[in-house]
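User: Please take a close look at one part of this model, the salt bridges, and describe how the paired side chains are placed.

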Amino acid sequence: MVKESTIGSKIFDGLLLAILLLITALCLVPLIYTLAVSLSEKSAAAAGRVWLWPVGFNFNSYKQIMGDGAFFRSFLTSVQRVVLGGIISTGIGTLMAYPLSKSPRQFRLRNVFMWFLIFAMLFNGGLIPWYMTMKSLGLMDNIWALVLGGGLPVFHVILIINYFRNLPKEMEEAALVDGAGPWRMLWSVFVPLAVPVLATVLLFTIVYHWNEFFHGLVLMSRQDHYPLQTYIQQLVVIIDAANMTEDQYKRMNELSNQTLNSAKIFIAMIPVLVVYPFLQRFFIHGITLGSVKE
Amino acid sequence: MKKVGLLGLTLLLVFLTACSGGGSSTGPASAGADGGGAVKEETPDPFGKYEETITLTYGKSVDATDKSLPVGDTPETNQYSRYVKDMLNIDTKVSWQAASGPNYDQKVNLSISSNDLPDALVVNDMQLRQMVKAGQLADLTDIYDRYASPSMKSFIEKTGGIAAQSVTFDGKMYAIPSVQVHADGVHQLWIRKDWLDKLGLEPPRTIDDLEKVAEAFVTQDPDGNGKDDTIGISGPESGGLLYAHFLASTNNLYGLDPVFGAFRAYPGFWIEGEDGDPVYGSILPETKEALGKLRDWYAKGLIDREIGVRKDAHEPVKSGQSGIFFAPWWMGYGPLPDAIKNDPDANWQAYLLPLDSEGQFNARMGTSSTQFVVVRKDYEHPEAVVKMLNLLIRDEAKFDISVGIGYYPLRVPQSAPDESEYSAKALQEVLAGTKTPEDFNDPGYKLLAADLQNVKKVKKEPYDNMDIQYWDPQADLGVWSRQYSLLVGASTLLEDYNKVYSLLYSQTKTMESRWTNLKKLEDETFLKIIVGAAPLEEFDTFVDNWKKQGGDKITEEVKEYIQQ
């Protein structure tokens, strides 16, 4: 690589660097801020005196979390949900995508199924009918409600279909000649070739299940069963002071305990932060390969 | 044909009675327990224990930050639910639980709209109306008459009809209301007395005084850090209220209510107009006058520059930047603990100020009831709920409150409306030595005995000086919070002041569709006027628009409502 040294290109490089640094800062500052607050004195955080460096450095909030059974119970629920949800969504998605990746000539009702899926992706019945359906299916207050309801993300299916279609036809024909049936074709030819897109889809699913709090709130009847983000959401949600009653203002101080809440948020971020780099290389490959047609 | 059927039924009944009575002679005595038909024979006992265990399911709001339950206990099974079981033989079961606040509301709304209701629930005003309208609730009129204990009835009566009015629809009572202390609705002036002393000022008695004090706080560096960073008067945060209104009439922290009161303006309240008809306070000239003054103050920099956009209005108070804010009596619970931690000399004192031109403090009073216990229409034992609340009122003082009282099944706070002032007076008298703790034994004031016992833990001599240096918050912050709130925040309410009630604390029919927009129009216009984004004349346009967009119709409805 030859370095050009015209003034114009230097300015351009400088600008580029500045913009990239700015974007990096935008991503990092909230993270550092949360960390700084979590390590600060409680009253200093409440008074807004903490910015990117802790004031009154201490580990109290982390010590407190270590002794908090509810936090870890929710943490485990979330892990369980991510594992189950990741397996189920990716598995069903692959099974759904394989037949749909065939042409209507090979699979006559393909377009009917496809439209059915697209319709379900674009329209939904709204919160109440959905809630009543889940209830009549007996899924209330049950971990399966969180992974089975919406267990087939249509968008992911479309990604996988496109990837399957872009795989070389010759490989399929070769397998056919060697006597492979549809199941063998899927597991021994298509799935190994589609690892990038499957990893992508898996990552999407993991992140979704880890961050999702609303279903946990609506479908779970007990706080012991809340996934982690639902647990955290109820800590940081703002209490409406206008309807507060006597015993609630006694709790005002705990409710506004920003340091503790920040510590919880920070710990909750860690698993995704750890998983991301490992799956990221697939993530980038997968999304370009799956969407570009040859 | 009908007669024959009736005859047959009678014969059948006689036959059945004869059969069941054949074994023993206790037939009539046990009849009350096994059938609704014989209820009229039973003498209603507010604390009567059921002979056979009954089950009651309910939705529970829990406090996510509360860690007071002993190991092994749950929000469903704890010392309170066991007490209810032992005393009344009611087995309480939690159908679902959610964190108090928006999460709980969400769950309740879902239950209402999917008609998937537990036997009983605690709901808010809007939800109560919705459920009445949908015909989901049991009529509690008779049950309240017969089963409510004298204490409960006296609390509800002491509110002067407000509590009863809030749960009565077409002459029928559909819920048991909470009865909260009315001190929650009185917003007063909280001021840094140490700053006043430092600058040689007195607490501001009038609007003009307030202006001078705020100006001094802003310009004369009262915190002595050499920086121009102090705020005269704190304002509401983003999404906060400039003043309490008839639908959210209590506990408005950092609003500007007393400033409006000093102009005898009551925006957000339905008050009696000059002709005796109800009128909405926000459209009256007094409100315009008050807004003009606030606009003037904002321009001079006396009010928080970030009014209405600040993320957390507690912040400037906790950090020691702010010198004045308006709020109810209980500030010792929060934000003051953090404020004195950051600055142990922050001497926050409360006053019923500023006064109007006739030297009177005008306080808008809140509603007594914001929470309601309702019972599902077909539930077999609606009186069970009343019995549980009777028991709570009677025995609350006896409970071991190291476990949060919020775990009592279906609890809504019910107490004497004047509890805060009464307690403050009792504390003053005991501190002064004119009375002893034994002089106070009215069971209606459940926390008083503990208060009188604890006060000297945190209050240092001299007992009649409430400045912060004569307190010892470190001794027990929890006790300090309550005592400071009572002695500083609630003792002011013993003075004589003008109590202004809204004629209505709930919505009328047209409000259901229009009010959100009207209120938004009002809030936006007023905030714009104060920060100078719109001229004061914008107020007149607002009044016209308000009337046209449904305000006139709503006023008519309120009038009809009052005349009923």
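Analyst: **Salt bridges between buried side chains**

B:R482 forms a salt bridge (a side-chain nitrogen of Lys or Arg within 4 Å of a carboxyl oxygen of Asp or Glu) with B:D451, and their closest N and O atoms are 3.0 Å apart. This pair links distant parts of the chain, since B:R482 belongs to helix α18 (residues 477–490) of chain B and B:D451 to helix α17 (residues 448–458) of chain B, 31 residues apart; helices here are DSSP runs of H or I with at least four residues, strands are runs of E with at least two, and both are numbered from the N terminus. The model is predicted, so local features need pLDDT of at least 70 and side-chain atom pairs count only at pLDDT 80 or more, while totals for chains, interfaces and linings use all residues. Side-chain values use heavy atoms, without hydrogens and water, residues are numbered from 1 along each chain as its sequence is written, and chains are lettered from A and ligands numbered from 1 in the order in which they are written.

B:R482 counts as buried at 8% relative accessibility, and B:D451 is buried with a relative accessible area of 4%, where buried means under 20% relative accessible area, exposed over 50% and partly exposed in between (1.4 Å probe, protein chains only).

A further salt bridge is formed by the side chains of B:D257 and B:R364, at 3.4 Å from N to O. B:D257 lies in helix α11 (residues 257–262) of chain B and B:R364 in strand β13 (residues 362–365) of chain B, so the pair ties together parts that are 107 residues apart in sequence. B:D257 is buried at 4% relative accessibility, and B:R364 is buried at 3%.
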